[in-house]
Every structure is written in C-alpha cells, then in structure tokens.
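Here are my notebook entries from a first look around. I kept them short, so read along with the structure open.

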Amino acid sequence: MSNSKILANGVDVYYGSKQALFGISMDIKEKEVTALIGPSGCGKSTFLRCINRMNDLIEICKVSGSIKVDNEEIISEKTDVVSLRSKIGMVFQKPNPFPKSIFDNVAYGPTIHGLVDSKNELEEIVHSSLKKAGLFDEVKDRLNEPGTSLSGGQQQRLCIARAIAVNPEIILMDEPCSALDPIATAIIEELIDELRLNYTIIIVTHSMQQAARVSQKTCFFHLGELIETGETNKIFTNPDNTKTQDYITGRFG
Amino acid sequence: MFFWSLVLIAVGIFSSFIYGRSRIKLNSKKQGTKSKSLPTYYAQYVLMWCLFPALIVYFSWAIFQEQIIQNIVISNFEFIEGAVYNEGLLLAEIRNVANNPSFADGKSIEIINAASHYSSLRQISQISFYTSIIIIMLLGALYASQKLKPEFHAQHTIERYIQYILIFCSSVAIFTTIGIVFSLIFESLRFFAEVSIFEFLFSTEWYPFIPIREGQTAAEGSFGAVPIFAGTFLVMVVAMCVAVPLGLLTAIYLAEYASQRVRKTVKPLLEILAGIPTIVYGFFAFVSVAPFVKAFGQSIGIDASPTSALAAGMVMGVMIIPFISSLSDDVINSVPQSLREASLGIGANKAETIKKVILPAALPGIVGAFLLAISRAIGETMIVVVAAGTAPNLTGNPFENVTTVTVQIVVALIGDQEFDNPRTLSAFALGLVLFVITLFLNIIALQIVKRYRERYE
C-alpha cells in the first residue's frame with residue numbers, strides 16, 4: 001500500500017432501515033482517475049459522498065466500516081469534517097455556482113479557510129484556479145459578473161475552479177457532465193486529464209465511454225455491491241465477472 | 001316577507017330541475033335520438049334560467065324597495081307652511097306609526113295619513129314582489145324549456161354560465177376594494193375641503209376638538225397628523241426591533257438546524273401566535289407588559305407613563321414574529337440544497353454557509369417578509385388602542401404615551417356624531433394615508449418576493 005490515497009474497508013451504508021451499500025472495500029491510488037460505474041441506484045454516488053462525509057447532511061443516513069484517507073480514519077466521530085472537506089474537493093452533477101460574482105465564487109473557499117493574507121494573494125489564487133480549470137481566458141474580462149450568467153459548461157468549470165482554489169488533494173466528481181452538451185463534456189474530460197497530474201480524482205459517471213476515456217481504474221457497482229474493480233482497459237475489454245460483462249455490453253442498466 | 005320568498009325560490013329551483021330532466025328525456029324519446037349531453041345538464045340549464053333572473057329581481061327589490069316607498073311617501077306628504085321638518089326624523093316617525101298603531105296617539109293628522117299611505121304602499125310592494133318573482137321564474141323556465149332538444153349542447157352552455165358565475169364571484173372582492181378606495185377618497189376630499197392638506201400633512205398639532213354647538217367654548221380644532229404618523233412609526237420601529245431578530249433567528253434555526261420532527265411541531269405552534277385575537281395581545285400588553293415597562297423605566301431613572309410606545313411595540317413585535325419566521329423559513333428552505341452542498345463541500349462550516357451563501361441568496365425574500373410584517377404592524381389597531389395611549393405626542397421616547405393612525409381613527413369614530421364635521425371626517429383622511437402606505441409596502445414586498453422566486457424556479 002505504498003501510494004494508496006484512499007483505502008475503504010467494509011463500508012456499509014443504511015438509509016433508515018434500507019441498506020444501500022454492502023461491505024465496499026476499495027483501494028484508490030494517488031494521482032489517478034478512478035471511475036465508478038453502474039446502473040442508477042447502485043450506490044456509486046452514495047459511496048462517493050462517504051469519502052467527504054457529505055452523507056452527514058442526510059439525517060437518516062448511517063455509515064459504518066472504515067475509510068482511510070492518507071492513513072487517517074474518516075468514518076469517526078472525531079474526524080474534523082471541515083479540514084477533511086478542504087482536502088477533498090467536490091464537483092456536483094448540476095453546476096451549482098453561488099449567486100455571487102465569478103470572482104467571489106472562486107474566492108469563497110480561500111477566504112473562509114484564511115488561506116490568503118492580502119487582496120493580491122487572493123487575486124492570484126483566483127486567477128490561477130480559473131486558469132487550471134481552463135476558464136480564465138473566457139471570463140477574464142467579466143470576473144464581476146454573476147457566476148450564474150455563464151453557460152452550463154462554463155459554470156461547471158467555474159465549480160471545478162472553486163473546488164481547486166482551496167488546494168485539495170482529492171477531487172470527487174458526481175456525474176459532472178450529465179447536464180452538459182457533448183462539446184462542453186469534451187472540454188471537461190480534457191480538463192480531467194490535465195488535473196490528473198496534480199490531483200487524485202474519483203468520478204461517478206453514467207457514460208461508459210466517458211469512463212473509458214478519462215479513467216485509469218474502473219469500479220463496477222451493482223445493487224449496492226462492488227462487483228469488480230480493476231484497470232479500465234481490462235474492465236472494458238476482458239472483465240472477470242459476467243455481470244460486468246453484461247453491463248458494459250449493454251445487456252442491462 | 002323575505003323568508004317566504006326564499007321558500008318560493010327553493011320550490012322553483014327544485015321543480016325546474018325535475019322538470020328539465022324529465023322534459024329532455026321525453027323529448028329525446030320522442031325524436032328517437034340520444035341527447036348530446038347528459039339529462040342533468042339540461043336540468044341545470046332550466047334551473048339556472050329559473051333561478052338567476054329571479055335572484056336579480058329579488059336583490060334589487062330588497063335594495064330599492066324601502067327607498068322608493070319612502071320617496072313616494074315624502075313627496076305626497078302634506079307639508080304645513082312655515083314648519084321646519086327634518087326628513088330623517090319625519091320618516092322615522094312615519095315608520096313607527098305604521099309599524100305600531102299605538103304610537104299614533106297625539107300625532108298630527110298628516111303623519112297618520114302618511115303612515116297609512118306607507119303601509120298600503122308596502123302591501124302593494126309585497127304583493128307585486130311575489131307576483132313578479134313567480135312570473136320571472138316561469139318566464140325563465142319557459143325560455144329554457146324551448147331549448148330542450150336533444151341536439152342542443154347543454155353541457156357547453158352550462159360550462160359557459162359557470163364561467164360567468166366564477167368571474168362574478170371573483171370580481172366581488174375587486175369591486176369591494178375599489179368601492180372602499182373611492183369612499184375613502186370622497187370622504188377625505190370632504191375633510192380636505194375644511195382642513196388644508198398642508199396643515200394635515202405637515203403641521204405638528206393634533207387637537208381635533210371643535211365646537212359642536214354654537215356658543216360652546218372650545219378652541220378651533222387643529223389637524224396636524226405629524227405626531228400621529230410619528231407615533232405609528234415609533235411603535236412600528238419598536239415592533240420590528242423585537243420581531244426581526246427573533247423571527248429571523250427562529251427561521252434560521254427551523255430551516256437549518258432543527259430536525260424534521262422539531263420543525264413539524266414548532267412551526268404550527270408559532271403560527272398559532274398569529275391566530276391569537278389582537279385584543280388579547282392588547283390586554284396582555286396593558287396588564288403585563290406596560291407595568292413592567294413602567295417599573296423598568298423607573299429603575300433606570302426614566303419617567304415612564306403607564307401606557308407606552310414600548311409596551312405596545314414589544315407586544316406587537318411578538319405578534320408579528322410568526323409572519324417573519326414562517327415566511328423567512330419558507331424562503332430559506334427554497335434556497336436550493338445544491339448551494340448548501342457546494343459550500344459545505346469546500347469545507348465551510350454551517351455558520352459560514354448560512355451567513356455567506358444562504359442568507360444572501362434568500363435576502364430578497366426575507367426583505368419581502370419584513371415589509372409584509374411592517375405593513376401588518378402599522379395597520380394593527382387593538383394593541384395600540386389598549387397599550388399605547390391616545391395622546392398625540394411628538395416624541396422619540398418610547399417610554400411615553402403615543403398614538404397611532406389606527407387609534408385616532410377609532411377615537412374619531414366612537415360616539416354618535418354625524419359625518420359632517422372635520423373631527424369624524426379626519427378618520428377617512430387618516431385611513432386614506434394609511435391605506436396608501438400599506439398598499440405601497442405590500443406592492444414592493446410582493447415584487448421583491450416574486451423576483452426572488454423567478455431566480456430559482
């Protein structure tokens with residue numbers, strides 16, 4: 001477990017009395033893109049939301065088992081959720097910029113975490129985050145316009161810039177392209193490929209082509225269980241499990 | 001009289017319905033075709049034609065009968081040369097004699113004649129009322145029954161009629177509002193004919209007592225409404241100082257922190273506050289809060305009066321808490337969950353998320369809630385009548401007696417004065433100004449709330 005970034009062991013999740021995840025164990029390597037695929041309702045988003053404790057927001061949701069990030073247990077009462085979440089950025093299914101200016105959207109994280117001491121520093125972080133998200137050239141003349149005035153694809157890249165502005169190590173993406181058109185999707189996919197050099201990325205996707213294009217590892221979920229995990233190439237060409245085979249060839253899901 | 005006419009109309013409704021239904025069945029059997037609509041619709045059609053014209057006659061009779069009879073009696077009255085008559089008193093006397101013959105003793109012969117004229121006119125009116133109702137109902141049913149053929153689309157016609165009825169019902173509220181506004185305006189104009197509008201709006205002396213009888217020693221009244229509006233404003237400010245923080249923080253707790261179960265219990269409980277009759281708040285303010293305010297004022301060396309702007313304002317503030325908390329809670333709840341997740345996902349804690357993301361996003365709606373609460377506060381009457389006093393003081397000191405617009409309207413209208421002197425008419429002018437203020441506040445509030453809604457839905 002030399003460069004294992006996230007190590008999950010026997011994660012169970014219950015919504016009320018209904019069990020949504022059954023003993024998920026997974027090893028996610030640093031600076032790789034891991035894709036979580038599977039039919040709707042199979043628990044892949046639920047698992048993703050365990051990693052930054054986003055499931056805490058749901059009153060009836062109970063998580064047990066162990067997830068270690070950098071060898072530190074995060075499924076525990078003692079976990080500092082705030083610092084965990086500043087280390088793990090998240091990009092959501094629907095672009096959700098704040099109803100603030102483009103600049104303030106990106107500046108939000110660095111400001112609340114006190115990462116900057118001066119206005120210049122803040123400006124530098126905002127600009128570099130926008131550059132890393134490939135959005136700077138498109139918006140540099142209108143940083144004071146509301147973030148909601150951008151197109152869907154631009155909004156999603158703004159959300160990525162907002163996430164990386166706090167300098168996370170891991171980025172979770174929950175179907176980041178499902179609300180976007182093919183061109184915007186292609187731009188985001190290219191961006192993911194670049195971000196891989198600096199960040200560990202976990203992406204939930206419905207599109208198997210997308211998983212094949214952007215990821216190095218793929219995990220296949222079915223009915224709350226992790227069926228198969230492995231190199232993306234292998235999963236899509238020669239999976240071990242027949243359920244995986246059936247899913248990627250489109251026989252169900 | 002009107003009871004038996006109601007019975008008559010009920011009989012008409014019943015029989016026209018039965019008649020319509022059996023008639024259409026008979027007609028379609030005769031022609032050997034099926035009717036275009038169900039028989040019930042034909043029955044309803046006959047019923048409507050039987051009922052509505054009769055109702056129109058009924059109500060116009062009820063409204064105009066007395067007036068017309070009185071006019072005829074007065075115009076035939078044998079006035080004695082040189083005597084002075086008060087028409088209202090005269091009519092009352094005639095009516096009394098007509099209704100109760102024992103009052104006739106000692107009345108002049110003119111009055112007794114007029115009274116018998118009055119009763120005979122009433123009798124004629126009554127008989128012709130019944131006859132015309134019956135005739136109208138029969139005519140209506142007759143007209144409708146000619147249309148009872150199977151090829152007639154009764155359902156379509158009924159639906160059109162129902163639409164007319166709905167339009168009529170919804171216009172009742174609108175016309176009432178327009179009527180109120182016009183009566184306010186016209187009565188205010190009468191007031192402003194006697195008191196200059198500049199004096200009313202800008203002078204600071206409110207002393208609305210004027211001599212009623214000639215020779216009475218009373219000063220000329222002065223009608224400067226500034227102290228009244230200042231008092232209203234002061235009470236409103238006190239109320240908002242109480243209601244805004246309490247209401248808003250309650251809303252934040254309910255929307256962001258409380259569990260679903262707590263929220264479901266607490267919110268209806270809060271809304272009960274809004275259902276307490278305001279007079280109950282009023283005596284709560286007078287009996288419990290005002291003495292406390294007075295004692296508190298004395299303990300810090302301020303001479304407080306037994307009723308004060310502070311006492312009334314504080315209780316009014318409690319009263320409008322549910323307006324603010326309930327509306328703000330709805331607004332905060334309608335901020336999309338995705339914004340919360342975005343903020344928390346970056347590692348913001350709950351307080352930062354609320355302060356920097358949720359409240360700014362919900363602000364327009366919250367301001368709208370404030371404005372609605374303000375317009376409620378300045379329109380409130382009973383609490384201030386009981387707990388704020390009636391002295392038109394121009395003061396910024398909340399421990400003093402003040403008076404508000406609504407209180408002065410009450411004061412002006414209590415007592416048996418005719419609406420012909422500036423004191424009573426001032427009620428309309430005050431009401432008009434109050435109406436204009438609350439109207440504007442409501443319009444602004446609704447605009448803000450609407451704009452906010454458009455942004456997220």
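Entry one, a helix. I looked up α3(B) and found B:Ile94, B:Arg95, B:Val97 and B:Ala98 buried (20 or more other C-beta atoms within 10 Å of the residue's own, with 12 or fewer for exposed and partly exposed in between; C-beta atoms are placed from the backbone). They sit on the same side of α3(B), because they cover an arc of only 165° around the axis, taken from the directions from the helix axis to the C-beta atoms. On the face turned away from that buried side I noted the exposed residues B:Gly88, B:Leu89, B:Ala92 and B:Asn99. Helices here are DSSP runs of H or I of at least four residues, strands are E runs of at least two, and both are numbered from the N terminus.

A word on the source: this is a predicted model, where local features need pLDDT of at least 70 and side-chain atom pairs count only at pLDDT 80 or more, while totals for chains, interfaces and linings use all residues. Residues are numbered from 1 along each chain as its sequence is written, and chains are lettered from A and ligands numbered from 1 in the order in which they are written.

Entry two, what lies over the helix. I found that α2 (39–75) and α4 (109–146) of chain B are among the elements covering the buried residues of α3(B), with contact meaning C-beta atoms, placed from the backbone, within 7 Å.

Entry three, chain A. I counted ten helices and ten strands in chain A. Its C-alpha trace spans about 55 × 40 × 35 Å along the principal axes. Buried residues make up 45% of the 253 residues in chain A.
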